[in-house]
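Visitor: Could you take me through one part of this model up close? I'd like to hear about a single strand and how it sits among its neighbours.

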Amino acid sequence: MKKRLLSTLLVLAMAISMLAGCGGSSDENSGEGGSAEGTAAENSLTIPVSATVTSLNRLLESMAEGWLQLAPFADELYYVDLDETRYYLAESCEVSEDGLTYTVKLRDNLKWHDGEAITADDIVFTMACVADTNNGASFTNAAYVNEQPVQVEKVDDLTVNFILPEVSASYFELLGELIPIPEHAFDGNTDIVSAEANLTDIGSGPYKLVEFNDGESLVLEKFEDYYGDEPQLDQVVFRVISDPSAQEVAYQNGEINYLPITTDESADKFRDAENTSFYEFPEGRVNYLAWNKYCATWENEDAVKALFYALDQEEIVSGAYGESMAEPANTIFSNMTLFYDDSVKGYEQDLEQAKELAENSGLAGKTIKLYYNQDRTYMEETALIIQQQLQEIDVTVEVEGVESNAFFDIVFSDQADYELYLNGYGAAGDPDAVVSGMYNGTWGINVDTSQEILDLFTQASGTVDTDARAGIYSEIQQKAVDQFLVYPIAYPNYCFAASSNVQGLDYYTTTPVFEDYTKISVK
C-alpha cells in the first residue's frame, strides 16, 4: 500500500520540473528585449500554461501546472518553510509531548466560495476521502503512517485531533499540506473521483472560479469574503500557450504579464528587457546521475568510483544549464530541503585516478547504456556532456532519450540491461517525504543504498528533536557521498519574467509559484 500511496506524490514532485525556470531575486530593467506593455487586463495576472487543470478538486490534481492554477482557488492548512510555519486555513497545530497527537484548530469564520462555513466536519470528511486509496488522492499519505491508519477525531466545530499509530517527525509538514474539500458539495460521499462536485466552483482560496474553458483557459476572480488579506487583483487568468516561443511572443505583445523562463538564452534576453522584472530562486529539486545496481558492470565498486571521478560537474552544469538555471549540487538533499548541509563536499574530477580505477575494474574499453527522460529539460544536454567526458577514461556511452512513462517503467524497476540513467526529484521541505523514498526502495529500487543509511533514515523519521534530526540528516548526506550512492549534478532554479508593474511575486519564494496570491498586485 505504501508504494502506491507515495507514488502519486513522486509523480507530483517530478512534474514540478516541467515548470522549471529559475527565481529569490528580482530586478526592474530597461534595455533591449520584450516589453510587457499591451493587452493584458489592467488589474490582473495572466499566466501561460501548457494545459488546463484535469480536476477542480485540488486533492485529485496531480499535474504540476494544475497545482499552479489551483493555488489561488483552494488553500491548505498551513505551509512549513525552511525557517517558519505560515498558517492559512488553520490557526494553529499543536503536537503532544509524545509526538502522537496533532491538534489542528481552524480559523473562525472561514467560508467556502458558496458562502457555507468551513468546519471540522470538512476536515474529517477530507481525511476519509484520502484514506480511500481508490481515490488516488495526492495526500493519501496523511491518512497513514508506515501503512497504519491515522485516527481522526472531531473535538468541536473548529478543532480536530489526528492520532498517529507511531511517531513520524515529518507528519507535521505533511498534515499542513492537506487541502480540505467541502463535505456538503459531495453529500458526504467519499467517492470523490466520480463525483460531479469535482467540476463545481466551491473552493477556499482568495480567488473563486469565474470561467473554465477546458484546454483553453481558467479565469478566477477575487473572493470578497476571504478570511485572509484582501486579494488585490481583480482576476487571475491562466491561458493555454504551450509553446515557449509562443509564450515569449504573447509576453512581448502584452497578452500575458508573466513569462516562465526555461533556457539560459531566454534568461539573458528578459533579464534586461524593457518594463520587465526578472526573478530567480531555487526550485527545490535534485537532478542526478544514477548507476544501476542490477547491472553487472558495477559489480566492482572501483568502476563506480572511476565513473564519479571522471565527471566534471562544473562543465556539466555550465554546459547543460547555463549561468542562471542551476547551481552545482553537493548532496542528495536539495538546497531547499530541511536539514540541508551545505558544508558537505561533493565530488571533484580526478582524471588520473579515474583512468587507473577504470583500467583496474575492467570498465575501460566498455560500451555502456545511459537513459534520460526526453520530456525533461536539461537531460539530453547533460547526457551528451557525460558521454563526451567518459571518453577520457576509454568508456563509450550510448545515450537514449525515452518519453516519461516508458522512462519511469525502466528506471523504477529491476531491469539489468543498462548502466546509467539521469533523473530528478522534488526535494523541498522535509527529507522524510520524497528524499527518503528515493533511497529506501519506494522508487529508486536500483539505487544501492546501504543498510547503514536506511537505518539512519528510519532513526531520523522517528526523532522529534530538531537538533537530533539535523545531526542524523547531516550524517546521511555525508555517507551518501562517501558511499558513491548517486552523483548529484544540479539544483535547478526557477526563473520567470513579469511586467514591472506587477508587485509581490517574490514575497514567498516557493515552488510551484505562488504560495499566497493575496501578496500580488498591479501598480
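**Strand β18 and its surroundings**

Guide: Let's start with one residue pair: Y372 stands opposite G401 in β19. Before going on, the ground rules: this is a predicted model, where local features need pLDDT of at least 70 and side-chain atom pairs count only at pLDDT 80 or more, while totals for chains, interfaces and linings use all residues. Residues are numbered from 1 along each chain as its sequence is written, and side-chain values use heavy atoms, with hydrogens and water left out.

Now the strands themselves. β18 covers residues 367-373, and β19 covers residues 396-402. Both labels come from DSSP runs numbered from the N terminus (E, at least two residues, for strands; H or I, at least four, for helices). β18 and β19 pair in the parallel sense over seven bridges; to count as paired, two strands need at least two bridges found by DSSP. As background, strands of a sheet pair through backbone hydrogen bonds, either parallel or antiparallel.

What links up with these two strands? Helix α10 (residues 379-390) joins β18 and β19 in a right-handed β-α-β unit. Right-handed here means that, with the strands pointing away from the viewer, the path from the first strand over the helix to the second runs clockwise.

β18 has another partner, strand β20 (residues 420-426): the two run parallel and are joined by two bridges. Within that pairing, L370 of β18 has L420 in β20 as its bridge partner.

How enclosed is β18, then? Six of its seven residues are buried, so the strand is largely enclosed by the rest of the structure. "Buried" means under 20% relative accessible area, "exposed" over 50% and "partly exposed" in between, using a 1.4 Å probe on protein chains only.

For the wider setting, look at the nonpolar cores, which are sets of buried Ala, Val, Leu, Ile, Met, Phe, Trp, Tyr and Cys residues joined through side-chain atoms within 4.5 Å. The largest has 69 residues, with L45, L77, F162, Y171, F514 and Y517 making the most contacts inside it. Helix α3 (residues 120-131) gives the most to this core, six residues in all. A second, separate core has 55 residues, including C295, I368, Y378 and I385. I368 falls in the 367-373 range of β18, and I385 in the 379-390 range of α10. Another member of that second core, C295, is buried, with a relative accessible area of 5%.
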